[in-house]
Amino acid sequence: MAKAAESSGEPGTTSPRPLFAGLSDISISQDIPVEGEITIPMRSHIREFDSSTLNESVQNTIMRDLKAVGKKFMHVLYPRKSNTLLRDWDLWGPLILCVTLALMLQRSSVDSEKDGGPQFAEVFVIVWFGAVTITLNSKLLGGNISFFQSLCVLGYCILPLTVAMLVCRLVLLAEQGPINFMVRLFVVIVMFTWSIVASTAFLADSQPPNRKALAIYPVFLFYFVISWMILTFTPQ
Amino acid sequence: MAAVGDLQFEEFGNAAATAAENPGATTISIEGPGESPAHQAGLPRGSGGEEDDELLGNDDSDKTELLAGQKKSSPFWTFEYYQTFFDVDTYQVFDRIKGSLLPIPGKNFVRLYIRSNPDLYGPFWICATLVFAIAISGNLSNFLIHLGEKTYHYVPEFRKVSIAATIIYAYAWLVPLALWGFLMWRNSKVMNIVSYSFLEIVCVYGYSLFIYIPTAVLWIIPQKAVRWILVMIALGVSGSVLAMTFWPAVREDNRRIALATIVTIVLLHTLLSVGCLVWSHSCDLPVCLRYKC
């Protein structure tokens with residue numbers, strides 16, 4: 001057996017010492033019983049892993065998801081090249097942001113006689129259909145990002161614009177006038193740029209190199225339209 | 001048993017020597033990874049059993065020539081089918097937009113820029129941008145007209161976006177469909193040298209709408225004269241792109257029908273542009289009369 005092991009080690013440049021060469025030297029005496037107990041030291045949370053998420057308290061579940069969402073918010077606010085958003089995508093964050101934005105943007109009275117601002121459903125539809133269209137576009141251009149990953153990134157990068165909406169609503173509580181408008185314009189422009197930079201940092205790598213601009217332009221248009229809706233929001 | 005010498009690998013490195021030996025031999029050279037990239041396709045090489053290497057097609061230029069005429073056609077229910085319509089690079093899209101902005105007499109937009117690679121990216125996103133440009137600029141110009149009036153309450157006029165979108169997308173798809181049908185019908189009667197596929201017509205129409213985006217933005221200026229000059233320029237540019245594209249397709253036909261076709265194309269284009277811009281910048285009639293908009 002040792003010889004076979006030796007010859008199998010032949011093709012290498014230097015023949016390594018055959019692995020089980022020393023085995024033939026070992027002899028097991030007949031009168032030592034080989035029996036006993038084997039204990040494998042397992043870390044406690046491996047045992048938990050199988051059934052843990054069913055048995056844990058509701059607070060744990062919610063906090064875990066909230067922490068994941070919060071972590072992604074941080075990634076959007078301080079964009080640098082990382083693929084946390086892409087790797088563990090989730091759609092909770094985009095849903096929260098979209099609902100918040102739509103709630104703030106909708107016109108207050110249902111029966112305004114003139115053409116007014118968007119309704120809740122219209123904002124919702126614009127955000128989600130816009131994101132779906134952009135995702136389809138980038139996939140058709142040959143990008144290798146999955147559908148939900150792209151939705152996740154686009155949804156999370158609405159965060160700066162939602163912050164802008166909050167700021168604008170606060171600013172609108174003060175008296176209206178050109179200064180008011182200038183402040184709002186400035187805030188919206190800064191947040192718009194932030195959104196574009198954040199989403200580009202996450203999305204640009206997944207596009208083929210000579211089509212990056214083609215894939216980024218719809219993102220620009222999407223956030224521009226949302227910024228326009230935020231900027232032109234007037235309370236009734 | 002064959003002698004070992006018969007199975008020796010022959011060196012074909014010296015092409016010139018081989019050519020000198022048999023001047024009549026056809027030879028094929030194959031690029032290896034370490035060979036010089038300055039490989040000339042016409043270099044004569046060793047003879048005999050290398051014919052199958054030619055079939056392997058290691059020469060890139062041959063391969064691209066073969067494939068240029070035939071696009072991969074997947075069945076229409078797969079995703080890859082639609083990917084063939086988005087097979088453009090950034091510089092190609094820019095070139096096509098540039099071609100639509102600068103119509104050169106005698107140069108056909110389709111032949112020059114599209115070259116049997118029609119894309120749907122340009123038409124779709126140019127139409128989308130145009131929809132939002134018209135809606136936003138209409139909104140802005142209304143706002144600027146009423147600036148300073150205490151009684152005016154600004155409304156974003158969101159409904160205009162959906163109406164503008166319907167009109168522009170319908171124009172960009174239905175008119176090419178009608179035109180394509182018409183050209184196919186005329187083609188069956190009169191043998192035309194130039195004929196376009198449906199997607200190429202959609203492409204031309206889509207890219208010809210690009211000039212209206214800066215026009216819509218500049219229409220914010222409330223001066224009537226400026227607005228109409230802008231519309232004339234835009235109409236001239238895009239109308240001439242369309243006319244120069246479709247003139248070769250109807251040229252061989254009956255003179256009257258050819259002229260009628262071109263006139264109809266330009267007329268529809270005029271209707272779209274003027275109609276959309278005027279409608280989006282419309283305001284109440286008394287205000288209109290007062291500000292002469």
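What pattern does chain A follow, read along the sequence? It runs α-α-α-α-α-α-α-α-α-α. That is 10 helices and zero strands in chain A. Before going on, I should say that this is a predicted model.

Chain B next. Chain B has 13 helices and zero strands, and along its sequence the pattern reads α-α-α-α-α-α-α-α-α-α-α-α-α. On burial, 39% of the 293 residues of chain B count as buried. For chain A the figure is 38% of 236 residues.

Now the record. An unreviewed UniProt entry annotates parts of chain B as "transmembrane region": residues 120-141, 161-185, 197-222, 228-250 and 257-280. I looked at two of these spans in the model. Residues 120-141 of chain B are 95% helix and 0% strand, with 31 Å between the end C-alpha atoms. Residues 161-185 of chain B are 100% helix and 0% strand, and there the end C-alpha atoms lie 36 Å apart.

One residue to pick out is B:F198, which belongs to helix α9 of chain B, residues 198-208. Is B:F198 buried or exposed? Neither label applies: its relative accessible area is 21%, so B:F198 counts as partly exposed, because buried means under 20%. B:F198 and B:I97 are 101 residues apart along the chain, and their C-alpha atoms are separated by 19 Å.

On to the rings. Over all chains, the count comes to 23 aromatic pairs. One of them joins A:F222 and A:Y223, with 5.2 Å centre to centre and 50° between the planes, which makes the pair tilted. How accessible are these two? A:F222 has 7% relative accessibility and counts as buried. A:Y223 is at 0%, and A:Y223 counts as buried too.

A second example is in chain B, where B:W219 and B:W228 form an edge-to-face pair. Their ring centres are 6.1 Å apart, and the planes make an angle of 70°. The pair is classed as edge-to-face because the angle is over 60 degrees. With a relative accessible area of 3%, B:W219 is buried, whereas B:W228, at 35%, is partly exposed.

Back in chain A, ring pairs also build a cluster, made up of A:F192, A:Y217, A:F220 and A:F224.

There is also a charge over a ring. In chain B, the charged end of B:R186 sits over the ring of B:W185, 5.1 Å from the ring centre.

Last topic, internal space. How many cavities of 30 Å³ or more are there? The count is four. The largest cavity holds about 90 Å³ of space. Its lining consists of B:G99, B:L102, B:P103, B:I104, B:K107, B:N108, B:F109, B:L112, B:Y113, B:V241, B:M244 and B:T245. Which elements give two or more residues to that lining? They are α6 (109-114) and α11 (224-250) of chain B. By residue class, the lining of the largest cavity divides into eight nonpolar, three polar and one charged.

To recap the main items: chain A has 10 helices, chain B has 13, and neither count comes with a strand. The aromatic pairs number 23 over all chains, and the largest of the four cavities has about 90 Å³ of space. That is what I have.

Technical notes
Residues are numbered from 1 along each chain as its sequence is written. Chains are lettered from A and ligands numbered from 1 in the order in which they are written. This is a predicted model: local features need pLDDT of at least 70, side-chain atom pairs count only at pLDDT 80 or more; totals for chains, interfaces and linings use all residues. Side-chain values use heavy atoms; hydrogens and water are left out. Rings of Phe, Tyr and Trp (its six-membered ring) pair if their centres lie within 6.5 Å; planes under 30 degrees apart count as stacked, over 60 as edge-to-face and the rest as tilted. Buried means under 20% relative accessible area, exposed over 50%, partly exposed in between (1.4 Å probe, protein chains only). A charge sits over a ring if NZ of Lys or CZ of Arg is within 6 Å of the ring centre and within 35 degrees of the ring normal. On a 1 Å grid over the protein atoms alone, a cavity is a set of points where a 1.4 Å probe fits but cannot get out, and a pocket is an open set with protein on both sides within 12 Å along at least five of seven lines; lining residues have an atom within 4 Å of a point. Grid points are joined across faces, edges and corners, and a volume is the space filled by probe spheres set on the points. Helices (H or I, at least four residues) and strands (E, at least two) are DSSP runs, numbered from the N terminus. Ala, Val, Leu, Ile, Met, Phe, Trp, Tyr, Cys and Pro count as nonpolar, Asp, Glu, Lys and Arg as charged, and the others, Gly among them, as polar. UniProt positions are given in the numbering used here, feature names are shortened, and annotations may be inferred rather than shown by experiment.
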